[in-house]
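Here's a quick tour for anyone meeting this structure for the first time. Have a look at the sequence and the fold, then read on.

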Amino acid sequence: MATPCAQRPRLAVLASGTGRTLQNLLDRIADGRMRGCIAGVSSDRADAFALQRALEFGVEARMLKDPSAIWSWIEELDVDLVLLAGYLRLLPVIPEYEGRVLNIHPSLLPEFGGKGMYGEHVHAAVLAAGRAESGCTVHLCNNVYDDGRILVQARVPVLPEDTAPSLAARVFAAEAEAYPAAIAIRWHELQAGREQPA
Ligand code: GRF
C-alpha cells in the first residue's frame, strides 16, 4: 500500500532511467531537508530502476507511455507539481498543468540542450567545445525540449583532466542541490499567486 502523502507540494516524478534524481528527492524528503511528498512515480520503461526505488519507498509506481494515460494518472494523483527526472520523452503539457511541470538538465541552458542531448552526450559536447564551465538548469517545461523559463542554474568548473563521467559526477552533485531549490522556488511562486509565464 502506498504511504499517505499529505505534505504539500504533492509531487509526481517521471523518470526513464536509474532514478538517481528521484532517489535524491526521496532521501531529502525522508530526512526533512525538503518539504513535500512524492505521490507517484512513472516511467516509460518497465525496467527503469526508478520504479523499483519508488516501490522501496512505498510510493506508487506505474509504467506509462501514452501522454493521455500519463495525464489521467497525474490528475488522479492530484499533484501540485510534475518533475521530470531523467525523463527522455517530450511530455506535451496540458493547459491545467502549464507552469507546473519542471525539468532538470545537466548543462547551462540554452547551451547543450535539445533532442538527443542527455546524459553523457551533454558532457562530451561540453568537453569537445572546450568550455571552462558547465552546470545544470532547472526550468519550466513547455512543448519544446529543454525550453521554458529558467528557475535555477548552478555552475561548476570544467577541469583540464575531466572526462565525460568525471564532469557528469560534478554536475550531478550540483543537480542534487538545484532541483530541491527550484521546487521550493516554484512552489512559493504558485502559493503567492505570482503567476509567471512558462
Ligand atoms: C540527470 O543528469 C538529469 O540532469 C537528467 O537525467 C539525469 C539523471 O538521470 N535529466 P537518473 O536520475 O540517473 O535516471
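What follows covers the ligand site and then two buried charged residues.

**The ligand and its surroundings**

One thing to keep in mind from the start: this is a predicted model. Let's begin with the ligand, which sits in the largest pocket. Two elements each give two or more residues to the shell around it: helix H1 (20-30) and strand E5 (101-105).

So who's in that shell? Reading along the chain, you meet Gly-17, Thr-18, Gly-19, Arg-20 and Thr-21, then Gly-86, then Ile-104, His-105 and Pro-106, and finally Glu-175. Sorted by class, that makes 6 polar, 2 nonpolar and 2 charged residues.

Some of these neighbours come with polar atoms facing polar atoms of the ligand. Here are three such pairs:

| Residue | Part of the residue | Ligand atom | Distance |
|---|---|---|---|
| Thr-21 | polar backbone atom | oxygen | 2.9 Å |
| Gly-86 | backbone N or O atom | nitrogen | 3.5 Å |
| Glu-175 | side-chain N or O atom | oxygen | 2.9 Å |

How much of the ligand does the protein bury? Taken alone, the ligand exposes 360 Å², and 86% of that is buried by the protein.

**Arg-186, tucked into a helix**

Now let's move to Arg-186, which you'll find in helix H5 (residues 164-191). Is Arg-186 buried or exposed? Its relative accessible area is 0%, and since anything under 20% counts as buried, Arg-186 is buried.

Arg-186 has a partner from another part of the sequence: Gly-99 is 87 residues away along the chain, yet the two C-alpha atoms are 8.6 Å apart in space. The side chain of Arg-186 reaches the backbone oxygen of Gly-99 at 2.7 Å.

**Asp-44, in a loop**

The other charged residue to look at is Asp-44. To find it, go to the loop between strand E2 (37-43) and helix H2 (49-56). Asp-44 has a relative accessibility of 8%, so it counts as buried too, given the cut-off of 20%.

Which side chains does Asp-44 make polar contacts with? One is the side chain of Ser-16, at 2.8 Å. Another is the side chain of Arg-89, at 3.0 Å.

**Putting it together**

To recap, the ligand sits in the largest pocket, with Thr-21, Gly-86 and Glu-175 among the residues around it. Elsewhere in this tour, Arg-186 is buried and has a relative accessible area of 0%, while Asp-44 is buried at 8%.

Terms used:
Residues numbered from 1 in each chain as written. Predicted model: local features only at pLDDT ≥ 70, side-chain atom pairs only at ≥ 80, totals over all residues. Heavy atoms only, no water. Near = heavy atom within 4 Å. Polar contact = N/O pair within 3.5 Å; in protein donor to acceptor, adjacent residues only side chain to side chain. Areas by Shrake-Rupley, 256 points an atom, 1.4 Å probe, with all protein chains shown as cover. 1 Å grid on protein atoms, 1.4 Å probe; cavity = no way out; pocket = protein on both sides within 12 Å on 5 of 7 lines; lining within 4 Å. Sits in = over half its atoms within 2 Å of the grid points. Helix = DSSP H or I, 4+ residues; strand = E, 2+ residues; numbered from the N terminus. Nonpolar A, V, L, I, M, F, W, Y, C, P; charged D, E, K, R; others polar. Buried < 20%, exposed > 50% of the residue type's maximum accessible area, 1.4 Å probe, protein only.
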